[in-house]
Amino acid sequence: MADPRGFLKVRERELPPNRPVEVRLRDWRDVHEHLVEGQPFLKEQAGRCMDCGIPFCHQGCPLGNLIPEWNDLVWRDQWAEASERLHETNNFPEFTGRVCPAPCESSCVLGINQPAVTIKNVEVSIIDEAFARGLVTPQVPQRLTGSTVAVVGSGPAGLAAAQQLTRAGHTVVVYERDAAIGGLLRFGIPDFKLEKLHIDRRLAQMEAEGTRFRPGVEIGVDITWDELRRRFDAVVLATGATVPRALQVPGNDLPGVHFAMEFLHQANTVVAGGVVEDQILATGKNVIVIGGGDTGSDCLGTSLRQGAASVTTLAIGKRPPLERSATQPWPTDPILFEVSSSHEEGGERAYLASTVDFLAGEDGRVRALRVAETEYLPDGRRVPKAGTEKEIPADLVLVAMGFTGPETQTLSAQSEIGLTARGLVARGDDFATTVPGVFVAGDAGRGQSLIVWAIAEGRAAAASADAYLQGRTELPAPVRASTVSLRA
């Protein structure tokens, strides 16, 4: 398969069974070379943190990470102590250090008049060095409480809640409807951003601590919600916000138009060695990605690796600025023009692009999009500008416009758990739902958000569940359900 730009090298490995041989597998491994001990840049960045008078990075991070402390320890080459400080507030720095957009860096005091400290690079270097040195070991509880907790969902919120509750001495079982544990960490994020070895070695630690995992079990289908509540002393819902936001234009149901997560889930399954019948492939196709966020970027990188003929990303809004606007001052998390590794690899990006409709070819499949320039109305609405329509060829369209909320059909039918007007799981400030003993963490109760918010809410919901079971808790609760982001 031609690679005219020469961006990617082909990774030689055995193809999964039944995989078409003509579809060559490119390099899906992490595209970044992470910094390790002894590299001058790493120590320089860690040392720059000490130029700050009063740190605001704590405020920017929902986890309250002790960033100046572990930066100083890295500068002093005290890696074991740095790992301890990092884990005090964050269960999974190997995830946040790779896929978090780093709101802490937006809040870095040095960022007022110079480049912020590269906090994320230091963070991932600490955890990689900790694993390499064998510093990450199981923390087995000293006593068992006799209480049982079910965690539904194995994304970052569910795993964080499970680890905290296990370490508090409860018997915790994590249920996941997919065939493997990890949620969107495993099936939604490509390996070139998060290799799955990082998930697997953390799960090994959690299993050694006592957490039990039950993949391939869908609550509401294999076990009813009410039955689950009767089986366990407490339940933590962490199912995420998995209902995709549809593009309501004519032709959105044509063959060849797919939601991004369906495409990414299949691709990640195959990269892991699985087999997907009738897999959605970008090979040799003109691919249009609708949505300019992280999911759209993942679709771009995956499409390039599958050998797409072209990939164009469409965003309905204006191109974000390169620097903070006056409406998003420090220390807020500004919306800026970002270039991911996938954007560096290839593809085109178009802004102010409003999709009018999808057009079918003679075979009934999508052949093109009709796109118009976006016009902003006085009331803030964005609409296609009349007279600016044009066609863009498309053999495959991937809709990556985010998610509207959790799947709640079986939850509503089988339990008394209430929902909000937005379709989220209703909860109090302590993450408790309308059913005693049932708590909700992460996107299922918050709405689509960042991985750091998921982990923070998982930790906080675990503290509330522990207090419910024991009458008190010593588990940390970094946020409350009403805590808001600094993003303007």
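This report describes the domains, sheets and helices of a predicted protein model.

## Basis and confidence

Because the model is predicted, local features need pLDDT of at least 70 and side-chain atom pairs count only at pLDDT 80 or more, whereas totals for chains, interfaces and linings use all residues. Residues are numbered from 1 along each chain as its sequence is written, and side-chain values use heavy atoms, with hydrogens and water left out.

The pLDDT (the predictor's confidence in each residue, from 0 to 100) averages 91 over the protein chain, and 93% of the residues score at least 70. Over residues 1–26 the pLDDT is below 50. This stretch has 48 contacts in the model beyond near neighbours in sequence, a contact being heavy atoms within 4.5 Å.

## Domains

The domain assignment, which is automatic or taken from a database, gives domain 1 (3–131), domain 2 (146–240 + 402–468) and domain 3 (245–397). Between domain 1 and domain 2, 24 residues of the former are in contact with 24 residues of the latter.

The area buried between these two domains is about 2,300 Å², and carbon and sulfur atoms give 67% of it. Buried area is the accessible area (1.4 Å probe) that two parts lose on being put together, summed over both. In domain 1, Asn91, Phe92 and Phe95 lose the most area to domain 2, together 29% of what that side buries.

## Two parallel sheets

Helices (H or I, at least four residues) and strands (E, at least two) are DSSP runs numbered from the N terminus; two strands pair if DSSP finds at least two bridges between them. One open sheet has 5 strands in the order 6-14-7-8-9, with parallel pairing. Strand 6 (257–259) and strand 9 (348–350) stand at its edges with a single partner strand each, so one side of each has no neighbour in the sheet. Strand 7 (residues 286–290) pairs with strand 14 (residues 396–399) over 4 bridges, and Ile290 has Val399 as its bridge partner. Helix 12 (residues 260–271) packs on this sheet, touching strand 6 and strand 14, and its direction makes about 75° with that of strand 6. Such angles run from 0 to 180 degrees between N-to-C directions, with axes fitted to C-alpha atoms, for helices over the stretch in contact.

Another open sheet of 5 strands has the order 3-2-1-4-16, again with parallel pairing. Its edges are strand 3 (212–215) and strand 16 (438–440). Strand 4 (residues 234–237) is joined to strand 16 by 3 bridges, and Val235 is partnered by Val438. Helix 17 (residues 451–470) packs on the sheet, touching strand 1 (148–152), strand 4 and strand 16; its direction makes about 170° with that of strand 16.

## A hairpin

Strand 10 (residues 353–360) and strand 11 (residues 366–376) run antiparallel and are joined by 7 bridges. They form a hairpin with 5 residues between them, and Gly364 in the turn has a positive phi of about 85°. Of the 8 residues of strand 10, 6 are buried, where buried means under 20% relative accessible area, exposed over 50%, and partly exposed in between (1.4 Å probe, protein chains only).

## An enclosed helix

Helix 3 (residues 67–75) has 7 of its 9 residues buried, so it is largely enclosed by the rest of the structure. Among the buried residues are Trp70, Asn71 and Leu73. The elements covering them include helix 1 (40–48), helix 4 (79–89) and helix 7. Asp77, which follows helix 3, has a positive phi near 60°.
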